[in-house]
Amino acid sequence: MQLLQTLCQFPAPSGAEAGLTRFILDYVGQHGASWRQPPLVVHDESRFQDCLLLVFGQPRTAVFAHLDSIGFTVRYGRELVPIGGPECVAGYRLVGRDSQGEIDCTLTVDEETEALGYEFSRTIEPGTSLTFACDFRETTTTVQSCYLDNRLGVWCALQLAETLEHGIIAFSCWEEHGGGSVPYLARFIYNTYAVRQALIMDITWVTEGVRPGQGCVISLRDSLIPRRSYVERIRRIAEAAGIQHQLEVEGIGGSDAKDLQRSEMPWDWCFVGAAEDEVHTPHEIVHKADIASMLALYQVLLREL
Amino acid sequence: MQLLQTLCQFPAPSGAEAGLTRFILDYVGQHGASWRQPPLVVHDESRFQDCLLLVFGQPRTAVFAHLDSIGFTVRYGRELVPIGGPECVAGYRLVGRDSQGEIDCTLTVDEETEALGYEFSRTIEPGTSLTFACDFRETTTTVQSCYLDNRLGVWCALQLAETLEHGIIAFSCWEEHGGGSVPYLARFIYNTYAVRQALIMDITWVTEGVRPGQGCVISLRDSLIPRRSYVERIRRIAEAAGIQHQLEVEGIGGSDAKDLQRSEMPWDWCFVGAAEDEVHTPHEIVHKADIASMLALYQVLLREL
Amino acid sequence: MQLLQTLCQFPAPSGAEAGLTRFILDYVGQHGASWRQPPLVVHDESRFQDCLLLVFGQPRTAVFAHLDSIGFTVRYGRELVPIGGPECVAGYRLVGRDSQGEIDCTLTVDEETEALGYEFSRTIEPGTSLTFACDFRETTTTVQSCYLDNRLGVWCALQLAETLEHGIIAFSCWEEHGGGSVPYLARFIYNTYAVRQALIMDITWVTEGVRPGQGCVISLRDSLIPRRSYVERIRRIAEAAGIQHQLEVEGIGGSDAKDLQRSEMPWDWCFVGAAEDEVHTPHEIVHKADIASMLALYQVLLREL
């Protein structure tokens, strides 16, 4: 879990993922040679901006894991505007850096207008990004931190990479703030490898129908509806493999799948990932059994899809 | 109208169109050889998912008719979430099927929260799709049923096919729930046939400006605004042909045209279709004169555009 | 400023830009030969609809300036529906033309329902476009008119063209009403010239953080967030050149950049433009110092990016 903690601490809100991309590149450089199938590392800023692709063997399926997190941008004076959809509770610790140095400040929320701001010993430069301060907590059954969404997905992708024979892992940007990288990643993957099956490796929500500790979620729908026959195949593979999982049915929420659904290519997609509670707060919490189930499910899906 | 009734009864909510696609494939297989110009049937799940294209002669214009309908997905317990935007009145009959067998249940709407649910003798499996039970009614002047939007468009496309010499009929998916197939259909059509003129064969609404029985609607705009010069050409063709029609001007509503407008291709598009009353209920009603006018207008437009 | 006045008077709401495109084509035909680097004029209705591209030298950066404006479409009776998001104050003069002749009418706003309408001596044909009547006002320090957004951007693009050596100026359509032309313009530019750097030449808002007369705005974000490293490059170029400018940080608003961000290509983009007050009214006002700064900033950016 040391790697997961490092990932959760890494500041990389939407639009500013470059540092995390560099971290993962270094990680793959250090460890990739010892993996079962060392991947082709596709990283070229002029073609993929701050995204990164790992291509293993003869891929049939692509896994999309977004790098970016929610956060805040400093506006004018003491104002903040959100990056993505953070939960906003006065008192949350926010960290960042501007040309004057390190920042460790406190979120404020105007009780009447709900306007966001910060308290700090000095004014922060407009345009500075702030992210939740990371307080990583682990028990025998849970991990808790900001940004398990989606650093836990990124972590799981790197575990999956260790034994993956055939498949693509795509690390995407901007997911929390409207997307924008998956369209060209998908275009490249489709044109280069004729791959059109996708799995969205991301974290979803605990609800009355999705309970912690009862296995990784296969989402039958959220605000978008995937093609039924593809999702049914995934369910059958999960059932045949005997891997504990739960089915999700929602009318709201979205993921990198939006960009696949809207693309000029016939992508099939399904969201598969563990559920967390305290979504989009500094206290996101996931049950370790669901993490294990998530990794196991991806291992079998990448073999059998 | 027997064919129309069969189409209206066919369950095919967004994401689960595959059965209807198969039905139309069979229909074209049985009847296509006797049409004036037997079409090339383009259907390849790996490239077009559950969509279907009929290509006639040397096409200059593509007609998009969506296969899917609105409906409901069973969530947890007795909850439902909508597929697309159905009108929700307690008591509507909903039908479907899960692994335990046939379902014939009743829609419930919580008076305070407006939460959707169902009443049935047993619990339905989460993820099951439900659609309106079809009560098809015909008079000398009208047809009435659920899903005239857009099974009447599909029916009209199949009538058009009988005499069509040059053109493409594209049967699309997901229109009621945000789209997602027209982008790749349009890409294929544009790349393969250099066609960039589109007509959206769909059903619109009766309003104070669009009256039943006064002819097929040519929409000058809805939530999107088509290119003026293309719409003007269509108006001139309709007027020169002396086909009864009405002009629609709306600030809301959308269609498969959204995916054309946003595409990376210069598509011109115009919505042309009959108007219905009691939109998105089990009681959608269309005047037969408007159906006749719709078919006649498409016949002339496909010749002259 | 005579050219700017002519541009502001020209009726070209979203979807009906063809006349303005023709005007600019004629302008380039008359003046382009005397520019430092006569551009390649790319205009082909079958590929670019009513858009226009000017290609100079070996381009590395594309400038997008939208042609269209907000306005109104006549619905039924005396009703209007908006094109884009105009400010609606009863009494605004609106002009247009239908088959019965010239129209010069007055906007009405129902006090209770906020429904839009018009007062005129006769009924206007449904589907007719209306735009604000132009009252162009100039002082020593300001220009004021309807449609400075974005005719001032178009004007600035034509000034930039006079000395531009390498770059692309793309005149786009539909920006005020959801976009739709930038996707294919960007596709053509990317495929033909391998250009993936964009600047959005448009007009933004005066706010508490952006003041008139203090220089052109470089927007760090609006409703979308551009890639940080690209925006930082632009800031450094502006600072090194000593050109007066202001930084904008917003949580709302959008531009042609939306279509770049969502495209299947890895475009970097940044909004750079003067700020106006009385946005989307007939009284949009911009400080002349900000216009000068905007042009100077574009000149240096097109050289150095």
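How much area do chain C and chain A bury between them, and what share of it lies on carbon and sulfur atoms?

**View 1. The interface of chain C and chain A in the predicted model.** Chain C and chain A bury about 2200 Å² between them, 47% of it on carbon and sulfur atoms (buried area being the accessible area, with a 1.4 Å probe, that two parts lose on being put together, summed over both). In this interface 28 residues of chain C are in contact with 30 residues of chain A, contact meaning heavy atoms within 4.5 Å. C:Arg227, C:Val249 and C:Glu264 supply 31% of the area that chain C buries against chain A, more than any other three residues.

**View 2. A salt bridge between A:Arg187 and C:Glu264.** The closest N and O atoms of this pair are 2.6 Å apart, where a salt bridge is a side-chain nitrogen of Lys or Arg within 4 Å of a carboxyl oxygen of Asp or Glu. Five salt bridges are found across the interface of chain C and chain A.

**View 3. A salt bridge between B:Arg75 and A:Glu250.** Here the closest N and O atoms are 2.8 Å apart, and the count between chain B and chain A is five salt bridges.

**Notes.** The model is predicted, with local features needing pLDDT of at least 70 and side-chain atom pairs counting only at pLDDT 80 or more, whereas totals for chains, interfaces and linings use all residues. Residues are numbered from 1 along each chain as its sequence is written, chains are lettered from A in the order in which they are written, and side-chain values use heavy atoms, with hydrogens and water left out.
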